[in-house]
Amino acid sequence: MNYKKKVVAFVDLLGFSEASKIPENQESVERVLFNNNDLVKLLMDLQTIPSEPVITANLKLTKEDLTEEKLNKYKEYGLIVTFNEDTFNVNLSYNKKLMSTAAKTEVRKFKQMRSNEVKITTFSDSIFLSYPEELLSDLLKDLVKLCKELANIGFFLRGGVSYGDISDNTFFYGPALIAAHDLECKDAVYPRIILDDTIISNNENSLIKPNSLDAEKLVNVQKLITKDLDDRYFIDFLNFKETDILSLNRNTKATESILENISNTIKNNLKKYKYDPSVLLKYLWLSLYLNRYIDNNVNDRNVNQKIDLNLLYS
């Protein structure tokens with residue numbers, strides 16, 4: 001067996017199979033398939049560092065985000081950062097020519113690793129992903145993007161992420177894929193992508209240990225996940241906030257639009273499946289997840305997106 005150790009994810013589009021059985025849904029099914037495949041192609045091109053010669057941005061951050069350590073890091077990558085004391089805005093300009101030799105080498109290695117070692121494929125309503133251990137946080141970020149983009153058009157993902165032996169040259173197979181598939185089928189239950197103990201736990205062989213002294217590695221992952229009521233860690237796609245300028249993309253209006261679309265989908269399906277307990281349970285979980293996000297991110301403009309479970313009695 002030509003196995004190698006990698007981080008593997010198996011995710012499934014919930015409700016897709018049921019929708020595809022109805023002839024009237026053919027157009028929407030094809031749209032989802034197109035979006036799904038289009039997203040996978042997009043994921044393969046993701047880069048942490050901007051590739052254009054010059055990029056400018058105006059970012060809403062606090063001065064505390066600009067530690068001396070971060071400013072030095074940004075400067076090494078050709079990023080010039082200034083803070084406006086009056087507007088509290090961070091102004092960012094980027095020039096590839098200003099990058100240090102070490103930074104250019106690092107970026108080149110990163111791009112080469114993504115090109116050679118990141119494998120993503122789809123089959124019907126399932127997506128298989130395998131990433132090198134060094135790109136664990138990149139895999140989680142890509143899953144966040146998948147979750148958000150598909151939730152925005154009315155579909156939610158359920159899946160699992162594991163670490164172990166995998167063969168992904170021509171076909172996907174191996175113990176790590178089986179473990180990720182079992183997480184999706186047996187343990188995830190709700191529309192969430194969960195991580196098993198090989199990814200995060202205090203076990204000796206886990207990639208991330210919550211009590212670890214490797215603070216940077218832990219923080220990079222913790223901002224992408226959260227713990228559920230059953231103590232399972234899952235991809236926290238609603239609450240993800242990137243605070244690293246190198247990959248920052250904040251768009252408040254876009255976030256509000258996504259929240260509105262997700263909220264409407266949940267409300268419609270709570271009514272539609274109120275007499276189908278197995279499906280209803282999934283949307284009840286989504287309701288709690290969305291409401292928790294809104295409660296923790298107080299904003300008058302998105303309070304209306306909270307789910308009132310009394311609508312089940314209407």
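**A walk from a surface lysine to the core**

Let's start with one link between two side chains: Lys-5 and Asp-165 are joined by a polar contact of 3.5 Å. Keep in mind as we go that this is a predicted model.

Where does Lys-5 sit? Its place is in strand E1. With a relative accessibility of 51%, Lys-5 counts as exposed, because the cut-off for that word is over 50%. Leaving aside neighbours within four places in sequence, Lys-5 is in contact with Tyr-163, Gly-164 and Asp-165. Another residue to look for is Ser-167: Lys-5 and Ser-167 are 162 residues apart in sequence, yet their C-alpha atoms are 8.9 Å apart in space.

Now let's turn to the inside of the protein. In soluble globular proteins, nonpolar side chains tend to be buried together. Here the largest nonpolar core has 59 residues, and those with the most contacts inside it include Leu-129, Leu-143, Val-161 and Phe-237. Among the elements that give two or more residues to this core are strand E1 (4-13), strand E7 (157-166) and helix H9 (277-296). Helix H5 gives the most, with 9 residues.

Val-161 is a good residue to pause on. Not counting residues up to four places away in sequence, Val-161 touches Val-7, Val-8 and Ala-9, and also Leu-143, Ile-193 and Leu-195, among others. Apart from the largest core lies another core, of 8 residues, among them Phe-10, Ile-166, Phe-172 and Ala-176.

Next come the aromatic rings. How many aromatic pairs does a search of the whole structure find? There are 10. One of them is formed by Phe-156 and Tyr-283, which meet edge-to-face, 6.3 Å centre to centre and with 80° between the planes. Phe-156 lies in the loop between H5 and E7 while Tyr-283 is in helix H9, so this pair ties together parts that are 127 residues apart in sequence. Are these two residues buried or exposed? Phe-156 is buried, with a relative accessible area of 4%, and Tyr-283 is buried too, at 13%. Elsewhere on your tour, look for the cluster in which ring pairs link Tyr-190, Phe-234, Phe-237, Trp-285 and Tyr-289.

Finally, a word on confidence. The mean pLDDT of the protein is 78, and 70% of its residues reach 70 or more. Among the elements, strand E8 (residues 193-195) has the highest mean pLDDT, 97, and strand E2 (residues 54-60) the lowest, 44. Over residues 46-59 the pLDDT is below 50, and this stretch has 39 contacts in the model beyond near neighbours in sequence. The pLDDT also stays under 50 over residues 243-251.

Terms used
Residues are numbered from 1 along each chain as its sequence is written. Side-chain values use heavy atoms; hydrogens and water are left out. pLDDT is the predictor's confidence in each residue, from 0 to 100. Helices (H or I, at least four residues) and strands (E, at least two) are DSSP runs, numbered from the N terminus. Contact means heavy atoms within 4.5 Å. A nonpolar core is a set of buried Ala, Val, Leu, Ile, Met, Phe, Trp, Tyr and Cys residues joined through side-chain atoms within 4.5 Å. Buried means under 20% relative accessible area, exposed over 50%, partly exposed in between (1.4 Å probe, protein chains only). A polar contact is a pair of N or O atoms within 3.5 Å; within protein, one must be able to donate a hydrogen and the other to accept it, and residues adjacent in sequence count only if both atoms are side-chain atoms. Rings of Phe, Tyr and Trp (its six-membered ring) pair if their centres lie within 6.5 Å; planes under 30 degrees apart count as stacked, over 60 as edge-to-face and the rest as tilted.
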